[in-house]
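I wanted to know what surrounds the ligand in this one. Here are my notes from going through the pocket and then the domains.

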Amino acid sequence: MYDAVVIGCGPVGALTANLLGARGVRTLVVERSTAPHGQSRAFSCDDEALRIYQQAGLRREVERDTHQPRRAEYVNARGRVFAEIALDEVDFGLGAGPLHLFDQPRLEATLRRGLDRFPHVTLRTGVELTGLTQHADHVTATLHDTRVEARYVLGADGARSTTRAAAGITLTGASYAEPWLAISGVVEPGAVRVDATRFVCDWRRPAFVSPGAFGTYRMEFMLRDDEDPADMTRPDTIRRLITPYVDPDRFTTTRSAVYTFHHLIADRWRDRRVFLLGDAAHQMPPFLGQGLCSGLRDAANLTWRIAQVLRGDADDALLDGYEAERRPHTEAMATTSVRLGRVFLVRNRFGAAVRDTALRLAQTAPWVRRAIRHFEFKPRPALPGHHAPVGTMFPQPSVAVAGTRVPLDDVLGAEYAVIGPGVDASTALDWRGPVARFVRVARPGTPAPADITTVEDVDGTLTAWFAEHGRDLVVLRPDRFVAS
Ligand SMILES: Cc1cc2nc3c(=O)[nH]c(=O)nc-3n(C[C@H](O)[C@H](O)[C@H](O)COP(=O)(O)OP(=O)(O)OC[C@H]3O[C@@H](n4cnc5c(N)ncnc54)[C@H](O)[C@@H]3O)c2cc1C
């Protein structure tokens, strides 16, 4: 019997299996395809996503393959920038910049390589889930060639999830009427004509374009009502569309596909021992680049709970917190994404003129300008039903340990952590909670006692945080939210 079976080895399933592997959970991953997806769909991720890859021990490998744009700009039909996010001025304190562009095939390869670190994690490709039977203390997963038993099944099998159907869970929401053409490719040096991450808010043809990592370039174009999706991937059509952005003679298309975007959410994310994550649980339009990021947050929220319950450190009720916490945040992201889409997707000349004028006027108010420029409209990581600092994500500055600079989370480990200037050896002796690491925060130059891990707060972030919240220690969950 496995502890967990993960259905699907897309980016969410692969990360889920890595996080379970890092916590010693005996895991089987089954993936229907014989080869990795190999094609770019998701293109951007955020600071929280990198922090989650870090929990899986893969941050350096993932980050090495990313490109950080300095600006994201919104331009109108005349090519004038009417709103701009200054990404290089934004620091939400989580230990990474707010936007990173990546190449999905490379990301998926990194995540799959990560699984090789764990002898207790097995990946079987070319294997399809066809059905599920739930029992009091386990689940039987019927695969096309055999049956396996597990304590839990985690369905990360994408938009058309078999896990979701087998658990009798339905989706609620809507689909966008207009399809989009997404083109990915590689551009030769010097052949880029628009070297910016740009939302082209042209009412005649809304589009998104951006250079990416490793000389890649992504372009997405909304189709007009009279256009046939089958014609849009023809080389002459692609050439016509991409010419304003790259030199078409020096651009090699690696992928072109027509997509319809959805705003859908599963009515339940849990059915007894079966859970849904990623696109299986929710799908949102990509205008905020949060579809995959939301799935990564699902994995970070659910996996530590599963590990705790399997170890006997918590009872089943802990697992109910997964949907209770993740659903509101996902809905907030999807709503913000839909609102951005409304700004972006105005389809008539008059509406676009009104939008441009309204946004120009609104930005004469400094707080509106700042909210846009500094990306303050993006929902922050927060758990519902708590008073700050409980339920907020703890900052991640760079700290010094025995003279070496490291990102804080590397010191905190994969389990609970108790951290603060007031942590000492007696904190650990008095602790009655789950497995935890104890970390003392000290000002630079303070002698470190030998009996407790001490981090030097090099830039003063942690000292300021504890002073602001009037605490001398806090308990952090494994996903770095403040628990108490
Ligand atoms: C054009 C476009 C642009 C996007 N841009 C972004 C972006 O910039 N940032 C972002 O965060 N998100 C973006 N997204 C969304 C993102 O691509 C998805 O949210 C993400 O890929 C979902 O990952 P997943 O692992 O949940 O599902 P998937 O990637 O769909 O993986 C599911 C896996 O499960 C397997 N599977 C399915 N059924 C079974 C079965 N019965 N048995 C076994 N295996 C099975 C499949 O073969 C597949 O490998 C974009 C999406 C699109 C279409």
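**Ligand shell**

I sorted the residues of the shell around the ligand by type and got 14 nonpolar, 11 polar and eight charged. Note to self: this is a predicted model.

Next I asked which residues come nearest to the ligand. Of the 33 residues around the ligand, those are Glu31, Arg41, Thr162, Asp279 and Leu292.

**Backbone contacts**

I then looked up polar backbone atoms facing the ligand's N and O atoms. Leu129 has one 3.0 Å from a ligand nitrogen. For Gly289 I noted 3.1 Å, this time to an oxygen atom of the ligand. Pro11 also pairs a polar backbone atom with a ligand oxygen, at 3.5 Å. How much of the ligand's accessible area does the protein cover? I wrote down 91% of the 1,000 Å² that the ligand has on its own.

**Where the shell comes from**

I checked which helices and strands supply at least two shell residues each. My list has helix H1 (11-22), strand S2 (27-31), strand S15 (216-222) and helix H8 (291-311). H8 gives the largest share, with three residues.

**Domains**

The domain assignment I pulled up splits the protein chain into domain 1 (2-66 + 102-175 + 263-332), domain 2 (67-100 + 177-260 + 348-381) and domain 3 (398-476). Which of them feed the ligand shell with at least three residues each? Domain 1 and domain 2 both do. Last, I looked up the spacing of domain 2 and domain 3: their C-alpha centres are 42 Å apart.

Methods. Residues are numbered from 1 along each chain as its sequence is written. This is a predicted model: local features need pLDDT of at least 70, side-chain atom pairs count only at pLDDT 80 or more; totals for chains, interfaces and linings use all residues. Side-chain values use heavy atoms; hydrogens and water are left out. A residue is near a molecule or strand if one of its heavy atoms lies within 4 Å of it. A polar contact is a pair of N or O atoms within 3.5 Å; within protein, one must be able to donate a hydrogen and the other to accept it, and residues adjacent in sequence count only if both atoms are side-chain atoms. Accessible areas come from the Shrake-Rupley method with a 1.4 Å probe; for residues, only the protein chains shown count as cover. Helices (H or I, at least four residues) and strands (E, at least two) are DSSP runs, numbered from the N terminus. Ala, Val, Leu, Ile, Met, Phe, Trp, Tyr, Cys and Pro count as nonpolar, Asp, Glu, Lys and Arg as charged, and the others, Gly among them, as polar. Domain bounds come from an automatic or database domain assignment.
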